[in-house]
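User: Hello! I am new to this structure and would like to learn how to read it. Could you walk me through some of its features?

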Amino acid sequence: MSLSASALVEIRDVNFAYAKRSILKGINMTFPKGKVIAVMGGSGCGKTTLLRLIGGALKPTTGSIKVDGQTIHGLDQQGLYAIRRKMGMLFQFGALFTDMSVFDNVAFQMREHTNLPEEIIHDLVLMKLHAVGLRGTHELMPAELSGGMARRVALARTVALDPMLIMYDEPFAGLDPISLSVVGNLIRSLNDALGATSIVVTHDVQESLKIVDYNYFIADGVIIAEGTPDEVRASDKPFVHQFVHGEMDGPVPFHYPGGDYRQDLHLRT
Amino acid sequence: MAIDKHLRSIGARVVDAVWRTGYATRFFALILIHSGTSFRRFRLTVKELFSSGVMSLIIILVAGTFVGMVLGLQGYETLKRYGSESALGSLVALSLVRELGPVLAALLFASRAGSAMTAEIGLMKATEQISAMEMMAVNPIARVVAPRFWAGVISLPLLSALFSAMGVFGGYVVGVVLIGVDEGSFWSQMQGAVDFQHDVLNGVLKSLVFGVAVTAIALFEGYDAPPTAEGVSGATTRTVVQSSLAILILDFILTAFMFRGN
């Protein structure tokens with residue numbers, strides 16, 4: 001896949017640190033328009049931080065992040081809110097508003113950002129819910145939904161205003177195999193139907209390799225591998241091999257670094 | 001070395017307290033700046049008025065009645081010694097309107113509605129609902145926090161008034177209906193002793209100040225709560241403790257200014 005095609009998101013030499021703890025180190029990434037791209041890596045490797053940087057919730061220590069040609073961290077709050085109206089983000093557990101019904105959750109952005117009459121909002125909400133297969137749940141409260149259903153409702157809410165960029169933070173976490181496959185297919189089909197660009201942050205290799213166009217692997221804050229799903233499957237790089245095949249030991253050690261085992265057990269040497 | 005460590009920890013605590021005070025002040029300023037939405041879309045505030053005000057009615061009405069009944073009993077026993085049972089009405093009304101109404105209603109409001117606000121906002125933060133709102137280009141201070149703030153500020157004076165009214169009713173039931181104090185002197189003494197501006201308006205002003213303090217503390221603690229179960233429970237406790245102390249300290253200051261020498 002050519003990544004030089006017109007890019008919607010461009011990340012150049014980005015470094016980011018929380019206080020003194022360095023999270024991302026010299027990251028360069030390109031997310032072309034119309035593609036679904038996965039960012040993979042173990043827990044705590046900086047994947048979610050990357051999404052927050054793209055969404056403007058965090059500012060990089062150095063480097064630049066451009067979305068649709070605008071440097072996201074150079075925008076004031078008004079500019080940031082203007083560009084966020086063209087973005088959607090699916091949070092790890094959906095983040096549905098628990099005091100609102102499914103219908104009101106999906107209608108939330110339409111009511112906040114448009115002057116559409118309530119009859120049109122009604123039809124649009126039902127269409128969005130129909131697209132994720134949950135039109136029949138519009139009167140339910142989030143607490144009445146299963147985990148997979150809540151994720152799909154959140155997906156309908158994310159695409160409510162037909163965003164140009166959709167970001168997914170661990171969309172497959174905690175789902176049963178059927179929901180996993182449904183959510184995976186929805187990510188792909190909604191992206192293609194809307195002509196959007198999707199960034200999927202995940203550690204579910206098998207599910208994401210089925211639906212994405214390109215993969216980035218992050219470990220310890222740097223990109224250690226990238227490529228198309230076929231290239232990833234065939235990769236002989238130790239980290240990618242361990243990650244894709246879920247091996248217990250490898251470049252990512254099983255044991256957290258500690259003192260001498262015999263000493264910790266007070267054994268005489 | 002031990003002293004050095006001790007001094008460092010004191011220093012860190014002071015810096016933390018100053019930082020937190022600044023953060024809280026900034027948060028309060030942001031609520032005021034983003035209050036426009038609360039009035040332009042008043043139904044958002046009305047929804048919160050229901051959950052913080054209407055849902056606190058039962059506890060306020062019941063507590064008010066019983067406090068008034070206790071005042072009636074205790075007041076009668078004390079006044080009887082001086083042969084002034086007829087002054088029971090003014091004693092009950094003045095105690096409630098000036099002090100017990102605003103203070104006890106605010107304490108109950110802090111425990112009932114303040115803690116609920118903290119827990120709700122803390123959990124919204126922990127479940128990423130606040131972040132989701134920000135990512136949808138909706139300002140959570142304007143959409144979530146400010147309507148709750150104004151709902152608290154509006155509802156507490158009304159709840160205090162109801163607390164006092166129920167207290168007067170409780171005092172009447174015990175004093176007049178059960179003990180047999182003369183009904184005419186109960187009401188006429190009350191009418192003569194309570195001054196609208198000096199007593200009633202000052203009481204309302206007190207509950208307005210308490211409303212601002214309790215709601216601002218509750219919202220700040222919720223918004224600042226660490227996004228964990230422990231963090232939210234700690235924030236809820238802090239809301240009740242800090243609000244109660246703030247109410248009692250503010251009450252002393254306000255009373256000193258309002259009723260000094262009267």
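User: Which strands does helix H9 of chain A lie across?

Analyst: Bear in mind that this is a predicted model. To place a helix on a sheet, look at the strands beneath and at the angle between the directions. Helix H9 (residues 238-245) of chain A lies across E3, E9 and E10 of chain A, and its direction is at about 105° to that of E9(A).

User: What is the order of the strands in the open sheet of six strands in chain A?

Analyst: Read a sheet from one edge to the other, strand by strand. Here the order is E6-E7-E8-E3-E9-E10 (chain A), and the pairing is mixed. At the edges stand strand E6 (87-90) and strand E10 (222-227) of chain A; each has a single partner strand, so one side of each has no neighbour in the sheet. From one strand to the next, the twist averages 15°.

User: In which sense do strands E3 and E9 of chain A pair?

Analyst: For a strand pair, look at the sense and at the bridges. Strand E3 (residues 36-40) of chain A pairs with strand E9 (residues 214-219) of chain A in the parallel sense, over four bridges. To find one of the partners, start at A:Ile37: its bridge partner in E9(A) is A:Tyr214. Helix H1(A) also packs on this sheet, touching E3, E6, strand E7 (165-169), strand E8 (197-202) and E9 of chain A. The direction of H1(A) makes about 150° with that of E8(A).

User: And how many strands form the open sheet with the order E2-E1-E4-E5 in chain A?

Analyst: Four strands form that open sheet, and their pairing is antiparallel. Its edge strands are strand E2 (21-32) and strand E5 (70-71) of chain A, each pairing on one side only. Follow one pair: strand E4 (residues 62-67) of chain A and E5(A) are joined in the antiparallel sense over two bridges, and A:Lys66 stands opposite A:Thr71 in E5(A). Helix H1 turns up here too: H1 (residues 47-54) of chain A lies across strand E1 (7-18), E2 and E4 of chain A, at about 120° to E1(A).

User: Is A:Gly56 buried or exposed?

Analyst: Count the C-beta neighbours around the residue; 20 or more within 10 Å make it buried. A:Gly56 has 23 C-beta neighbours inside 10 Å, so A:Gly56 counts as buried. This glycine is found in the loop between H1 and E4 of chain A.

User: Which residues is A:Gly56 in contact with, leaving aside its neighbours within four places in sequence?

Analyst: They are A:Ile72, A:His73, A:Leu75, A:Leu80 and A:Arg84. Take A:Ile72 as an example: A:Gly56 and A:Ile72 are 16 residues apart along the chain, and their C-alpha atoms are separated by 5.9 Å.

User: How can I judge chain A as a whole?

Analyst: Start with the inventory, which comes to 10 helices and 10 strands for chain A. Next, compare the radius of gyration with a rule for globules: with 269 residues, a compact globule would have a value near 18 Å, and the 20 Å of chain A agrees. The C-alpha trace of chain A spans about 80 × 40 × 35 Å along its principal axes. Buried residues make up 38% of the 269 residues in chain A. Finally, of the contacts in chain A with a separation of 6 or more, 64% are between residues 24 or more positions apart.

User: At what angle do the axes of helices H5 and H7 of chain B cross?

Analyst: Two packed helices are described by the angle and the distance between their axes. Helix H5 (residues 88-126) of chain B and helix H7 (residues 140-179) of chain B have axes that cross at roughly 145° and come within 7 Å. Their crossing is right-handed. By class, the contact of H5(B) with H7(B) has 20 nonpolar, seven polar and one charged residues.

User: How many residues of chain A are in contact with chain B?

Analyst: On the chain A side there are 14 residues, in contact with 10 residues of chain B. Helix H2 (77-84) and helix H3 (102-113) of chain A each supply at least two residues of that side, and H3(A) gives the most, with four residues. By class, the side of chain A that touches chain B has eight nonpolar, three polar and three charged residues.

Technical notes: Residues numbered from 1 in each chain as written. Chains lettered and ligands numbered in written order. Predicted model: local features only at pLDDT ≥ 70, side-chain atom pairs only at ≥ 80, totals over all residues. Contact = placed C-beta atoms within 7 Å. Nonpolar A, V, L, I, M, F, W, Y, C, P; charged D, E, K, R; others polar. Axes fitted to C-alpha atoms, helices over the stretch in contact; angles between N-to-C directions. Left-handed = near helix turned anticlockwise from the far one by under 90°. Pairing = 2+ DSSP bridges. Buried ≥ 20, exposed ≤ 12 C-beta atoms within 10 Å, placed from the backbone. Rg over C-alpha atoms; globule rule 2.2 N^0.38 Å.
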